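Student: I have a protein model open in front of me and would like to learn how to read it. Could you walk me through it?

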Amino acid sequence: MDREINLDTMSAEYVDVLKELGNIGAGNAMTALAQMLNCKVDMKVPQVRLLEFKDVGALIGGEEQIMAGIYLAVEGDITGSIMFLLGKDSARHLVTKLMGMALEGDAFGEMEMSALMEIGNIITGAYLNSLATITNLKIFPSVPSLCVDMAGAILSVPAIEFGTLGDKILLIQSQFMDEIELDGYFIMVPDIDSYSKILSSLGMA
């Protein structure tokens with residue numbers, strides 16, 4: 001019988017497993033990004049934290065920072081949502097690489113937003129695919145939505161849903177480099193039953 005998971009008292013062993021899943025997912029996502037951009041992308045070891053949602057804004061550089069956020073819901077054997085956040089300068093750099101041309105002006109136009117959506121789609125898809133492969137669980141992502149706004153506004157989307165899910169989220173900070181160093185953040189918000197299913201699939205619950 002599954003042990004009930006309480007995120008406030010989750011053992012260090014459980015947290016280590018979630019961190020390792022985060023590491024593998026982020027690594028696969030960066031590999032997919034390198035293939036998409038057709039260039040070498042180096043990645044530092046991701047920083048994985050289980051933390052309260054209210055602390056996320058400060059950790060990613062402040063809620064007033066302009067960021068690009070790709071958000072999608074997750075269904076199947078586990079439910080919840082995943083978000084990939086990228087600072088505006090990092091987003092502009094990746095879009096420039098993908099489109100092979102410098103961006104004009106400060107705002108993202110329709111073409112740039114489309115390119116950014118594709119980047120987010122590839123990155124989140126690779127992350128979820130690796131999670132599905134490791135756990136042998138069926139994971140079905142929704143159509144992603146993209147927003148370029150202040151971090152606080154972007155985070156309000158999962159925060160509304162998050163009220164029904166629990167107290168803690170899994171935040172994965174991935175620093176990766178091609179010509180410049182970029183910071184990306186995965187925010188994984190499974191519901192509480194999904195934590196149990198993930199750990200059960202690995203023989204830990």
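**Reading the cavity and the aromatic cluster**

Tutor: Gladly. Let's begin inside: this structure, a predicted model, holds one cavity of 30 Å³ or more. Its volume is about 60 Å³.

Student: Which residues line the largest cavity?

Tutor: The lining consists of Leu18, Leu21, Gly22, Tyr127, Leu131, Leu170, Met188, Pro190, Tyr195 and Ile198.

Student: Which helix or strand gives the most to that lining?

Tutor: H1 does, with three residues. At least two lining residues come from each of helix H1 (12-37), H4, E8 and helix H6 (192-201).

Student: And how do the lining residues divide into nonpolar, polar and charged?

Tutor: Nine are nonpolar, one is polar and none is charged. Glycine counts as polar in this scheme, so Gly22 in the lining is the polar one.

Student: Now to the aromatic rings. What describes a pair of them?

Tutor: Two values do: the distance of the centres and the angle of the planes.

Student: How many aromatic pairs does a search of the whole structure find?

Tutor: The search finds two. In one of them, the ring centres of phenylalanine 84 and phenylalanine 186 are 4.9 Å apart, and the planes stand at 45 degrees, so this pair is tilted.

Student: Why does the pair tie together parts that are apart in sequence?

Tutor: Look at where each partner sits. Phenylalanine 84 belongs to strand E4 (residues 80-87) and phenylalanine 186 to strand E8 (residues 181-190), so the pair links parts that are 102 residues apart in sequence.

Student: Are phenylalanine 84 and phenylalanine 186 buried or exposed?

Tutor: Residues under 20% relative accessible area count as buried. Phenylalanine 84 has 1% and is buried, and phenylalanine 186, with 0%, is buried too.

Student: Which residue forms a stacked aromatic pair with phenylalanine 186?

Tutor: Tyrosine 127 does; the distance is 4.8 Å centre to centre, with 25 degrees between the planes. Tyrosine 127 lies in helix H4 (residues 110-135) and phenylalanine 186 in strand E8, so this pair ties together parts 59 residues apart in sequence. Tyrosine 127 is buried, as is phenylalanine 186. Put together, Phe84, Tyr127 and Phe186 form one aromatic cluster. Tyr127 also belongs to the lining of the largest cavity.

Student: I would also like to look at serine 174. Where is its place, and is serine 174 buried or exposed?

Tutor: Serine 174 is found in strand E7 (residues 168-177). Its relative accessibility is 0%, so serine 174 counts as buried. Beyond its neighbours within four places in sequence, serine 174 is in contact with Ala26, Met43, Pro46, Leu182, Asp183, Gly184 and Phe186.

Student: Stepping back, how many helices and strands are in the protein?

Tutor: The protein has six helices and eight strands. Along the sequence, the pattern is α-β-β-α-β-β-α-α-β-β-α-β-β-α. Of its 205 residues, 48% are buried. Among contacts with a separation of 6 or more, 72% join residues 24 or more positions apart.

Student: Last of all, where is confidence lowest and where is it highest?

Tutor: Confidence is lowest in helix H5 (residues 151-162), where the mean pLDDT is 75, and highest in strand E6 (residues 145-150), at 90. For the protein, the mean pLDDT is 80, with 86% of residues reaching 70 or more.

Key: Residues numbered from 1 in each chain as written. Predicted model: local features only at pLDDT ≥ 70, side-chain atom pairs only at ≥ 80, totals over all residues. Heavy atoms only, no water. Phe/Tyr/Trp six-rings, centres within 6.5 Å; stacked < 30°, edge-to-face > 60°. Helix = DSSP H or I, 4+ residues; strand = E, 2+ residues; numbered from the N terminus. Buried < 20%, exposed > 50% of the residue type's maximum accessible area, 1.4 Å probe, protein only. pLDDT = per-residue confidence, 0-100. 1 Å grid on protein atoms, 1.4 Å probe; cavity = no way out; pocket = protein on both sides within 12 Å on 5 of 7 lines; lining within 4 Å. Points joined across faces, edges and corners; volume = space filled by probe spheres on them. Contact = heavy atoms within 4.5 Å.
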